[in-house]
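Visitor: I'd like a close look at a single part of this model, and then a walk outward from there. Could you take me through it?

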There are 2 protein chains.
Amino acid sequence: MQITSKFTVAVHILTCIDFFDGQMRVTSDFLSGSTGVNAVIVRNVLGQLRNAGIVETRQGSGGAHLAKALDEITLYDIYKAVDCVDDEGLFHFHENPNVDCPVGRNIHKAMDSRLDAAQTALENELKSTTLAEVVADTRKIIDEE
Amino acid sequence: MQITSKFTVAVHILTCIDFFDGQMRVTSDFLSGSTGVNAVIVRNVLGQLRNAGIVETRQGSGGAHLAKALDEITLYDIYKAVDCVDDEGLFHFHENPNVDCPVGRNIHKAMDSRLDAAQTALENELKSTTLAEVVADTRKIIDEE
DNA sequence: AAAGTTGAAACAACTATGATTACAACTTTA
DNA sequence: TAAAGTTGTAATCATAGTTGTTTCAACTTT
């Protein structure tokens, strides 16, 4: 089980927009080239980021732009934007525990708060990092090359 | 994306073993009835828990038993036993970033420590809860019914 | 010897992910 | 205004992963 690669693709895309915007038109085709991901997938991800208010794109004109400052975009915002985890939550509870069994009808309730805590721990960690930090690290690594 | 339900099934199974062992033979068939999950799946999960040293089962005789004290089994042990997340990690990095692009060839390095931190936060939370607590809560809820 | 059980392999059904094709709508530029 | 390039979106496909099901050999108990 793995969280969809759309998450890392989205971070890659946003880093590219910050890095190349102004120098060239950052189109879905260009981003497809940098990420190695199909251009239609890139456009889908860009659409999700646009719906979340993270980027701006327009039909026809071409070229994506950031809609927010780098330090106002957390990894959690991106993770939410690309729908890594749906409303059901990160953990998948088996759906037909036997209500005639005392364990079966109560185990869900007994586990729920723990599963929530684990998922929240993951998400809080993602909230604590902004895109500004990822971009800064990327630039630093590039400068040291 | 969701973590396989084998994880919650495993916790359910272990709680049942603690609850019913001694009163009856806790077979894969019985556990299938309580969880609502196919008996073959139950046997697969039991096999993984056995490999991890968490339960004891034997061919022929029937009836699973705990191999450790409840407070020596963390949710993380179970999560590891049933292989919720493989060696690749929780996050799935897109596999063909373009090495000719400065962002493409460095973004992985720039993100890795953050993704690891998020995964570790999840796992540490799971390590902090033992089966003893889940079982205690389950028993408490049953007693209050 | 018979009955019940585990372990494991093989296969089917279903779902999710990501790639691909196709095309309408839109913008820019020549 | 026409052409070229781009986005947005739907439809389809291949592949992989999850869960269920069937089957049967190996084992234990009675």
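Is B:Thr129 buried or exposed?

Guide: Keep in mind that this is a predicted model. B:Thr129 is buried: the relative accessible area is 6%, and the cut-off for that label is under 20%. As for where the residue sits, look in the loop of chain B between helix H5 (107–127) and helix H6 (131–144). Setting aside residues up to four places away in sequence, B:Thr129 touches B:Ile73, B:Thr74, B:Leu75 and B:Val134 in chain B, and A:Arg114 in chain A.

One of those partners, B:Ile73, leads to the next stop. B:Ile73 is also touched by B:Ile78, whose other contacts, again without residues up to four places away in sequence, are B:Phe7, B:Ala10, B:Val11, B:Leu14, B:Leu49, B:Ile54 and B:Leu131. B:Ile78 belongs to the largest nonpolar core, a set of 92 residues. The members with the most contacts inside that core are A:Phe7, A:Ile78, B:Phe7 and B:Ile78. As a rule, nonpolar side chains in soluble globular proteins tend to be buried together.

The contact from B:Thr129 to A:Arg114 brings in the other chain. A turn of 180° with a shift of 0.0 Å along the axis lays chain B on chain A, with an RMSD of 0.0 Å. The two copies are therefore related as by a two-fold rotation axis. If you want to find that axis from chain B, go to B:Leu122, which has the C-alpha nearest to it, at 2.4 Å. The copies also meet through the same surface, because 100% of the interface residues of chain B are interface residues in chain A too.

Two loop residues give you a feel for how the chains touch. A:Val103 lies in the loop between helix H4 (75–81) and helix H5 (107–127) of chain A. A:Val103 is buried, at 0% relative accessible area. Leaving out neighbours within four places in sequence, the contacts of A:Val103 are B:His12, B:Thr15, B:Cys16, B:Phe19, B:Phe20 and B:Ile142. For a sense of how the chain runs here, A:Asp86 is 17 residues from A:Val103 in sequence, and their C-alpha atoms are 27 Å apart.

Now take B:Asn96, in the loop between helix H4 (75–81) and H5 of chain B. B:Asn96 is exposed, with a relative accessible area of 54%. Beyond residues up to four places away in sequence, B:Asn96 touches A:Thr35 and A:Gly36.

From there, on to the DNA. There are 26 residues around DNA strand C, and A:Thr4, A:Ser5, A:Asn38, B:Ser28 and B:Thr57 come nearest. Of the strand C atoms that come within 4 Å of the protein, 67% belong to sugar and phosphate. A:Ser5 shows one backbone contact, with a polar side-chain atom 2.6 Å from a phosphate oxygen of strand C. The bases get some attention too: an N or O atom in the side chain of B:Arg43 is 3.1 Å from a base nitrogen of strand C, and a polar backbone atom of B:Gly60 is 3.2 Å from a base nitrogen of that strand. Helix H3 (39–51) of chain A and helix H3 (39–51) of chain B are the elements that give two or more residues to this surface. By class, the surface near strand C has 14 polar, seven charged and five nonpolar residues.

B:Ser28 is worth a pause, since the B:Arg43 side chain comes back here. B:Ser28 lies in helix H2 (residues 28–35) of chain B and counts as buried at 15% relative accessibility. The side chains of B:Ser28 and B:Arg43 make a polar contact at 3.1 Å. Apart from neighbours within four places in sequence, B:Ser28 is in contact with B:Ala39, B:Val42 and B:Arg43.

Last stop, DNA strand D. Out of 26 residues around it, A:Ser28, A:Thr57, B:Thr4, B:Ser5 and B:Asn38 come nearest. Sugar and phosphate make up 69% of the strand D atoms within 4 Å of the protein. Phosphate oxygens of strand D lie 2.6 Å from an N or O atom in the A:Ser28 side chain, 3.1 Å from a polar side-chain atom of A:Arg50 and 2.5 Å from an N or O atom in the B:Thr4 side chain. H3(A) gives the largest share of the surface near strand D, four residues.

Notes
Residues are numbered from 1 along each chain as its sequence is written. Chains are lettered from A and ligands numbered from 1 in the order in which they are written. This is a predicted model: local features need pLDDT of at least 70, side-chain atom pairs count only at pLDDT 80 or more; totals for chains, interfaces and linings use all residues. Side-chain values use heavy atoms; hydrogens and water are left out. A residue is near a molecule or strand if one of its heavy atoms lies within 4 Å of it. A polar contact is a pair of N or O atoms within 3.5 Å; within protein, one must be able to donate a hydrogen and the other to accept it, and residues adjacent in sequence count only if both atoms are side-chain atoms. Ala, Val, Leu, Ile, Met, Phe, Trp, Tyr, Cys and Pro count as nonpolar, Asp, Glu, Lys and Arg as charged, and the others, Gly among them, as polar. A nonpolar core is a set of buried Ala, Val, Leu, Ile, Met, Phe, Trp, Tyr and Cys residues joined through side-chain atoms within 4.5 Å. Buried means under 20% relative accessible area, exposed over 50%, partly exposed in between (1.4 Å probe, protein chains only). Contact means heavy atoms within 4.5 Å. Copies are superposed by least squares on the C-alpha atoms of residues with pLDDT of at least 70 in both.
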